Each structure stands twice: as structure tokens, then as C-alpha cells.
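Trainee: Could you take me through a close look at the loops and the cysteines of this protein, setting them against the fold as a whole? I would like one connected account that I can follow with the model open beside me.

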Amino acid sequence: GILCSVFFFLVIVISYYARHILTSEIFENGLNLCCFMSLFITVCAIIDKFFNLSNLEYRCTLWFFNTNYLSTIMATVIIICGYKVVNIKSHALFYYITAFCCAVTMYLCGSIFAFIEIFVGISILLLLNRRHFMLSLFLIMVCFGIVFLYCVPEIFPRLAQTNITTDNRILIWDASMNFIKESPFIGKGFLTYYLLTNGVEGIFNSTHAHNLALEPILSFGLVGSFILICFIWSYYKKAAECKELLRDNKTTKLILAISAAVLVHATTDMT
């Protein structure tokens, strides 16, 4: 937990520094690098799954600590691909292929809610960019996908475990609220839920509290959560100002689309 705090502080410092030196070219190249590296991750996930074919319930995690973390990264890259197709327009085929590969990795992760994250992120991205025709096509594709899953549910075996997953979430939330009572003001640091439940019988073991509201209060308490909210508020206030003042505000639209997608996913997870 202490090491996580150090790394988190470094992330904040580097982020502030990057905001001052980042150019549009560096930003776009950084997004391209994310897309290229996601192809490497897809190859690794396929190899990982191949060596675990005997285990039907195996979900690819690789080096991401949690399978939902991996699927969220892939979902984010898919939204980035959508941003590239809508705004950059060149090399569109590459971004479509990359998005497909990311979806394959997500399928191997077995994360259901990550696909909802994509739905929200892409929908808002297209809406903010006023690409109503593309949004209509996307919504039609989603409807066809839902109908297909309804007709052939065995293609996504984890759909049958939805009730179990929901029950597990309730157990996690209940345990988290009990832990919060032990230290409501300052919390117990990063990875609190993981450290308190790891190997403990009678409590559902997990890496986090599976909820955006519970996790910071559990880990940082009310005081730490308030400080975090102030930091986040200042960031999005600046993003909103940029959206209004800049003629070319496509970057802000990407930020808002990804943020909305993550926010929806974080109601049942903490990625």
C-alpha cells in the first residue's frame, strides 16, 4: 500500500509535467503507440488462452493483476480507435483491425461490463462529434449483437453466471461497508480490500471494492476522498474550459467519452 502511494504520487507529478510539455503531435503518437501495443497484448492473450484450453473457465489476465483491468485497457483502446477513425481519418483500416483485436482480447478476458463500457464510450464520442449517421449504424450493430447473444448465449458462457456475479458484487459491497466503519476518516491505504480479505474465509476475496464510491472511502477515508474529488474536479473544470475555448476540441471529446465509459463501468467494478 505504501509503495502504491509513492507510485500514485509520481503519476500525479508526471501528469502535471506532461500537461505543460505535451503537443498535439506527441499526444497523437502516444495514442498510436497504445494501438500498436494492444496488438502485442492480443497475441499474448491468444497464446495464454491456448495453453489453458483445458480450463473452460479460464480468463486471461497476463500481467495486469486482474482480468477486468486488462479488458478495461482494451476497451479504452477501442474508444481511442473510434476517435482516430472519426477525427484523423487516415489509416482507418488499421484502427478497425486494432479495435477488432482488442475485442478478441476482451472476449478472452470474459468481462461482460467492459463491452457496456465500449457502448457508452463510442456512443458519447460519436454524439459529441455529431456523427449521427455513424452513431445510428453503431446502435444497429449493437442491437444485432444483443439479438445474436440472445439466440446463441453459449458463445459467451459467462452470461449464464450473471446472477452469481451479481451476488458476489453484493457480498463485496457489504464487506466493504463494514470495513469502512473501522476507519471512516482516513482509511487504510491502497489495496485495503485486497489486503483485508486475502486468504480470509467467509469473506469474498477480491482485489478491490468493485465500486467507484466505496473504493476511495475504504482506502483513503472521507478526508482522502475529498482531496481526490477536489483534484478531479479541477481537472474536468479545465477540460470543460478547453472544450468551450478551443476551436479544435477533439481531444476534450475523447477525454469526456473515455471518462463517461469508465464511470459507468466503475459502478460495478473498480478499474
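Mentor: Let us begin with the overall size, keeping in mind throughout that this is a predicted model. A compact globule of 271 residues would have a radius of gyration near 18 Å, and the value of 20 Å for the protein agrees with that. Taken along the principal axes, the C-alpha atoms occupy a box of roughly 55 × 50 × 30 Å. The secondary structure consists of 10 helices and zero strands, so that reading from the N terminus on, the order of elements is simply α-α-α-α-α-α-α-α-α-α.

Within this helical framework, 37% of the 271 residues count as buried. If one takes the contacts between residues at least 6 apart in sequence, 70% of them join residues at least 24 apart. The exposed surface comes to about 16300 Å², and carbon and sulfur atoms supply 73% of that area. As for charge, the protein has 17 positive and 15 negative charges, and the mean positions of the two sets are 12 Å apart.

With that background in place, we can turn to the loops, starting with the one between helix H3 (67-87) and helix H4 (92-109), where His91 is found. His91 has a positive phi of about 60°, although it is not a glycine. Most residues other than glycine have a negative phi, which is the reason for pausing at this kind of position. His91 is also exposed, because its relative accessible area is 61% and the cut-off for that term is over 50%.

A second position with this backbone feature is Arg130, which is not a glycine and yet has a positive phi of about 60°. Arg130 is found in the loop between helix H5 (113-128) and helix H6 (132-151), and at 68% relative accessibility it counts as exposed.

Moving along the chain, helix H7 spans residues 162-180 and contains Leu171. Leu171 counts as partly exposed, since its relative accessibility is 48%. Although Leu171 and Asn205 are 34 residues apart in sequence, their C-alpha atoms are 9.8 Å apart in space. The loop between H7 and helix H8 (192-197) holds Lys181, which is exposed, with a relative accessible area of 64%. Here too a pair separated along the chain can be followed in space, for Lys181 and Leu218 are 37 residues apart in sequence and 8.8 Å apart from C-alpha to C-alpha.

The loop between helix H9 (214-245) and helix H10 (250-265) is the place of Asn249. Asn249 counts as buried because its relative accessibility is 12%, and buried means under 20%. If its neighbours within four places in sequence are left aside, Asn249 is in contact with Cys242 and Lys243.

That contact with Cys242 leads on to the cysteines. The structure holds zero disulfides. Cys109 is accordingly in no disulfide, and the nearest cysteine sulfur, which belongs to Cys60, is 6.0 Å away, whereas a disulfide requires the two sulfur atoms to be within 2.5 Å. Cys109 is buried, its relative accessible area being 0%. Cys151 is likewise in no disulfide, and its nearest cysteine sulfur, that of Cys143, is 13 Å away. Cys151 is exposed, with a relative accessible area of 54%, so these two unpaired cysteines fall into opposite classes, Cys109 being buried and Cys151 exposed.

Cys4 offers a third setting, as it is found in helix H1, which covers residues 2-21. Cys4 is partly exposed, with a relative accessible area of 27%. Apart from its neighbours within four places in sequence, Cys4 is in contact with Phe190 and Leu191. By way of comparison, Phe204 lies 200 residues from Cys4 along the chain, and the C-alpha atoms of Cys4 and Phe204 are separated by 23 Å.

Technical notes. Residues numbered from 1 in each chain as written. Predicted model: local features only at pLDDT ≥ 70, side-chain atom pairs only at ≥ 80, totals over all residues. Heavy atoms only, no water. Helix = DSSP H or I, 4+ residues; strand = E, 2+ residues; numbered from the N terminus. Rg over C-alpha atoms; globule rule 2.2 N^0.38 Å. Buried < 20%, exposed > 50% of the residue type's maximum accessible area, 1.4 Å probe, protein only. Contact = heavy atoms within 4.5 Å. Areas by Shrake-Rupley, 256 points an atom, 1.4 Å probe, with all protein chains shown as cover. Lys, Arg positive; Asp, Glu negative; His and termini not counted. Charge placed at Lys NZ, Arg CZ, Asp CG, Glu CD.
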